[in-house]
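User: I should like to examine how certain labels are justified in this structure. Please set each value against its criterion.

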Amino acid sequence: MSPLFTPARTRGFLRVTVTAVALSSVLLATGCGSSDEGGGDAKATAAVPAGFPVTVDNCGVKTTYDRPPSRVVTIHQHPAELMLALGLKDRMVGTAFPDSAVLPELKKDYEALPELAEREPSFEKILDAGSEFVYGGYGSAFAENEGRSRKAFADAGIDTYLNREYCGEQRVTMKDTYDEIRTIGRIFGVPDRADELVADLQARVGKTTTAVKGEPQVPVFVYDSGDKNAFTAGGKSLGTELIRLAGGKNVFADLDDVFGDVSWEQVVERKPEVIAVYDYDGAGSVEEKKKFLLSQPALADVPAVRNKRFVVLPLTATLVGIRSAYAVEDLARGLHPEGFR
């Protein structure tokens with residue numbers, strides 16, 4: 001296996017397969033939520049909190065929450081950071097699959113939470129944590145072939161939510177980030193916190209877009225991983241939107257997927273001036289990736305390689321979550337450094 005081969009290659013595949021599972025799932029009327037198709041909820045005798053019930057349609061799975069979930073497991077780092085940014089640490093009983101350094105302001109809270117697994121935890125491990133709600137970041141959170149389908153959780157009385165980036169419906173934009181935050185805010189009964197967080201992130205993005213306004217778009221190639229081929233961000237990825245907001249253009253915006261393989265010949269033909277290197281555990285270090293790109297004779301005349309223009313982004317900053325607004329600024333500083341001096 002190549003050192004630059006990465007589990008990230010499953011992101012695009014599982015985006016489709018897990019969507020198919022989600023669309024066929026029927027949540028049972030158990031736990032803190034219940035499927036609208038599952039009949040009445042006879043156990044709901046406690047007073048309904050203000051703002052509830054809340055009904056959410058997530059990737060084709062419709063769930064009605066009679067009260068906010070109180071015991072939550074997050075799978076993948078970006079859902080955990082979003083929960084913590086909304087002040088929901090007290091609802092979390094476990095996390096899994098950290099893949100980059102946690103935001104400094106969230107690090108203390110994140111490290112205080114039990115880590116159930118270095119990758120996706122088993123179905124049994126999640127049950128042992130006493131979870132009543134599982135929030136997954138990638139489609140692999142609910143991989144049917146590993147016993148973690150959304151239906152399996154529903155059958156066990158556990159509600160699930162999949163990051164909307166993996167619903168597989170359309171191109172992902174910053175609106176999806178804001179909608180994700182607001183939806184989680186509604187589910188957990190903190191819509192005001194969600195609105196405040198969205199306003200802060202919108203202001204951060206607005207400040208950056210103002211700084212690069214009128215600047216020519218810089219051609220950008222996203223290098224996630226790969227050696228025989230390049231695994232890159234396609235036109236449906238949030239990464240393409242982040243590059244645009246930062247004053248650039250993804251040279252593979254015409255790739256009709258979130259992630260996909262392209263040939264190195266295509267990279268050469270499209271002449272990127274900057275390479276955005278995605279950084280996360282399990283795919284080789286940033287320095288290894290740069291060394292690989294700089295050592296390839298075929299890439300020697302690519303402007304970004306020739307001029308050694310790289311921007312490093314944590315993978316979690318390129319996904320639907322709170323970091324995407326930070327990524328816009330980081331990208332803009334790399335694409336248009338003169339605007340930030």
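Analyst: In this predicted model, arginine 204 forms a salt bridge with glutamate 329, their closest N and O atoms being 3.5 Å apart. Arginine 204 belongs to helix 7 (residues 191-212) and glutamate 329 to helix 12 (residues 324-335), so the pair ties together parts that are 125 residues apart in sequence.

User: What makes the contact of arginine 204 with glutamate 329 a salt bridge?

Analyst: The criterion is a side-chain nitrogen of Lys or Arg within 4 Å of a carboxyl oxygen of Asp or Glu. The N and O atoms of arginine 204 and glutamate 329 are 3.5 Å apart, so the pair qualifies. By this rule the count comes to 14 salt bridges.

User: Why is arginine 204 called partly exposed?

Analyst: Its relative accessible area is 29%. Buried requires under 20% and exposed over 50%, so this value falls in between.

User: How do you know whether lysine 175 and aspartate 179 are buried or exposed?

Analyst: Lysine 175 has a relative accessible area of 55%; exposed means over 50%, so the label holds. Aspartate 179, at 21%, is partly exposed, because buried would require under 20%. Their side chains meet in a salt bridge (2.7 Å, N to O), and both residues lie in helix 6 (residues 174-187), four residues apart, about one turn of the helix.

User: Why are the buried residues of helix 10 said to line one face?

Analyst: The buried residues of helix 10 (residues 286-295) are Val286, Lys289, Phe292 and Leu293. Seen down the helix axis, they fall within an arc of 130°, so they line one face of helix 10. The face turned away from this buried side carries the exposed residues Glu287 and Lys291.

Technical notes:
Residues are numbered from 1 along each chain as its sequence is written. This is a predicted model: local features need pLDDT of at least 70, side-chain atom pairs count only at pLDDT 80 or more; totals for chains, interfaces and linings use all residues. Side-chain values use heavy atoms; hydrogens and water are left out. Buried means under 20% relative accessible area, exposed over 50%, partly exposed in between (1.4 Å probe, protein chains only). Helices (H or I, at least four residues) and strands (E, at least two) are DSSP runs, numbered from the N terminus. The arc is that of the directions from the helix axis to the C-beta atoms.
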